[in-house]
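Here are some exercises to work through with the structure open beside you. Try each task yourself before you read the solution.

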Amino acid sequence: GQSPAMEKIYDLILEVAQSDASILITGETGTGKELVAKAIHAKSLRAQLPFVAINCGALPDALMESELFGHRKGAFTGAEHSRRGFLEVVSGGTLFLDEIGDISAKMQVDLLRVLDDKTMFSVGSKTPVAVDFRLISATRKDLEKCIEAGEFREDFFYRINVIRVHLPSLRERRGDIPLLVDHFMEKYSHETTKHVDRIQSDALSLLTSYDWPGNVRELKNAVERAVVLSKSRTLGVEDFSFLRSAHVAPSTPRTLKAVQEAHILKVLEEQNWQITQSAEILGINRVSLH
């Protein structure tokens with residue numbers, strides 16, 4: 001993108017990359033938070049060392065503890081071998097915790113201790129291990145509101161929010177949509193050998209006016225779908241009919257079952273088919289959603 005909002009992001013990436021301060025990246029789902037984290041790492045002094053990304057919303061608490069801290073053999077049922085955790089593996093590099101707003105209060109305390117002491121203990125071990133990493137976190141949630149609701153620790157928030165990078169939604173920078181469309185057309189034309197390299201002006205107008213609740217990720221998926229199914233080198237409005245149908249009210253009454261299905265599908269698409277996050281929004285468990 002070349003919008004003023006994105007130019008500020010590019011400048012901020014260069015400014016913060018050379019420090020070791022903890023960074024919190026905020027923004028809606030699909031705005032590119034992990035891409036920003038990788039860009040910061042690539043421009044940092046730790047660039048040649050590991051970059052480890054963990055989606056906190058996809059892991060239950062017990063599994064996340066084992067993934068982060070590792071465990072000793074026999075620490076729990078099924079622990080047949082000792083295993084290093086990501087905090088130890090990433091030492092020297094950058095740890096990216098996506099959807100950090102989803103971690104439990106206990107995990108917040110454990111991570112706060114690691115950030116303060118620069119040491120950690122594997123599950124089942126009493127021997128401290130020194131760790132050195134740069135923490136970058138991301139969330140789609142309003143953590144200040146989570147603190148007010150008692151769902152997030154204030155001390156942990158201040159520790160991870162030394163520098164804030166907020167990513168604008170795609171509807172806030174519609175002028176970047178043509179550039180992104182060109183980029184994704186080239187990418188998927190190359191991957192599929194379909195040679196789709198043009199888009200009609202009315203199709204581009206449709207994409208520019210659409211609200212993109214899934215942001216850049218949704219746009220990427222839409223262009224990929226259009227390229228894969230296209231029968232010519234030029235994308236037209238008909239190639240994005242699935243977007244238009246989302247805005248057209250049904251002409252006939254629908255059953256309760258159909259309304260429920262449509263709502264579930266909408267939530268899944270907005271969350272990029274992340275089952276755990278979608279189930280949480282819908283207020284049901286993963287098994288029911290499946």
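**Exercise 1. The end of a helix**

Which residue just after α12 takes a positive phi? Then check whether the span of α12 agrees with its number of residues.

*Solution.* Keep in mind that you are looking at a predicted model.

Step 1: Go to the residue N272, just after α12; N272 has a positive phi of about 55°.

Step 2: Turn to the helix, α12, which covers residues 256-270 and so has 15 residues.

Step 3: The expected span is 1.5 Å times one less than the number of residues. For α12 this gives 21 Å, and the C-alpha atoms at the ends are 21 Å apart, so the two values agree.

**Exercise 2. The chain as a whole**

Describe the chain by its helices and strands, its span, its buried residues and its contacts.

*Solution.* Step 1: Start with the elements: the chain has 14 helices and 11 strands.

Step 2: Along the principal axes, the C-alpha trace spans about 65 × 45 × 40 Å.

Step 3: Of the 290 residues, 41% are buried.

Step 4: Take the contacts with a separation of 6 or more; residues 24 or more positions apart account for 72% of them.

**Exercise 3. Building the sheet**

In what order do the 5 strands of the open sheet lie, and is their pairing parallel or antiparallel?

*Solution.* Step 1: Begin with β2 (residues 51-55). β2 pairs with β5 (residues 94-98) in the parallel sense, over 5 bridges. Two opposite pairs help you line them up: V52 faces L95, and I54 faces L97.

Step 2: Move on from β5 to β8 (residues 134-139), where the pairing is parallel over 4 bridges. Here T94 stands opposite R134.

Step 3: Look at β1 and β9, another parallel pair with 4 bridges. I25 is opposite V165 in β9.

Step 4: Put the pieces together: the order is β2-β5-β8-β1-β9, and the pairing is parallel. β2 and β9 (163-166) are the edge strands, as each pairs on one side only. On average, neighbouring strands are turned by 20° against each other, with direction ignored.

A reminder of what holds such an arrangement together: strands of a sheet pair through backbone hydrogen bonds.

**Exercise 4. Two strands, two patterns**

Which side chains of β2 are buried, and which are not? How many residues of β5 are buried?

*Solution.* Step 1: In β2 the side chains alternate. V52 and I54 point to one face and are buried, whereas F51, A53 and N55 point to the other face and are not.

Step 2: In β5, 5 of its 5 residues are buried, and the strand is mostly covered.

Step 3: Sort β5 by direction: T94, F96 and D98 point one way, L95 and L97 point the other way, and all are buried.

**Exercise 5. Finding the cores**

Which residues touch the most other members of the largest nonpolar core, and which element supplies its largest share?

*Solution.* Step 1: This core has 29 residues, and those touching the most other members are L68, L95, L97, F133, F156 and I160.

Step 2: At least two residues each come from β2, α3 (61-69), β5, α5, α6 (143-148) and α7 (154-160). The largest share, 5 residues, comes from α5.

Step 3: Zoom in on F133. Leaving aside neighbours within four places in sequence, its contacts are R46, L87, V90, G92, G93, L95, V114 and L115.

Step 4: Now find the second, separate core; it has 24 residues, including F184, M185, Y210 and W212.

**Exercise 6. Two polar residues**

Are T29 and D110 buried or exposed?

*Solution.* Step 1: T29 lies in the loop between β1 (23-26) and α2 (33-42). Buried means under 20% relative accessible area. T29 has 13% relative accessibility, so T29 counts as buried.

Step 2: Beyond four places away in sequence, T29 touches R140, P213, G214, N215, R217, E270 and Q271.

Step 3: D110 is in helix α5 (residues 105-117). Its relative accessible area is 14%, so D110 is buried too.

Step 4: The side chain of D110 makes a polar contact with the side chain of K106, at 2.8 Å. Not counting residues up to four places away, D110 touches E65 and F69.

Key: Residues numbered from 1 in each chain as written. Predicted model: local features only at pLDDT ≥ 70, side-chain atom pairs only at ≥ 80, totals over all residues. Heavy atoms only, no water. Buried < 20%, exposed > 50% of the residue type's maximum accessible area, 1.4 Å probe, protein only. Contact = heavy atoms within 4.5 Å. Pairing = 2+ DSSP bridges. Axes fitted to C-alpha atoms, helices over the stretch in contact; angles between N-to-C directions. Polar contact = N/O pair within 3.5 Å; in protein donor to acceptor, adjacent residues only side chain to side chain. Core = buried A, V, L, I, M, F, W, Y, C linked by side-chain atoms within 4.5 Å.
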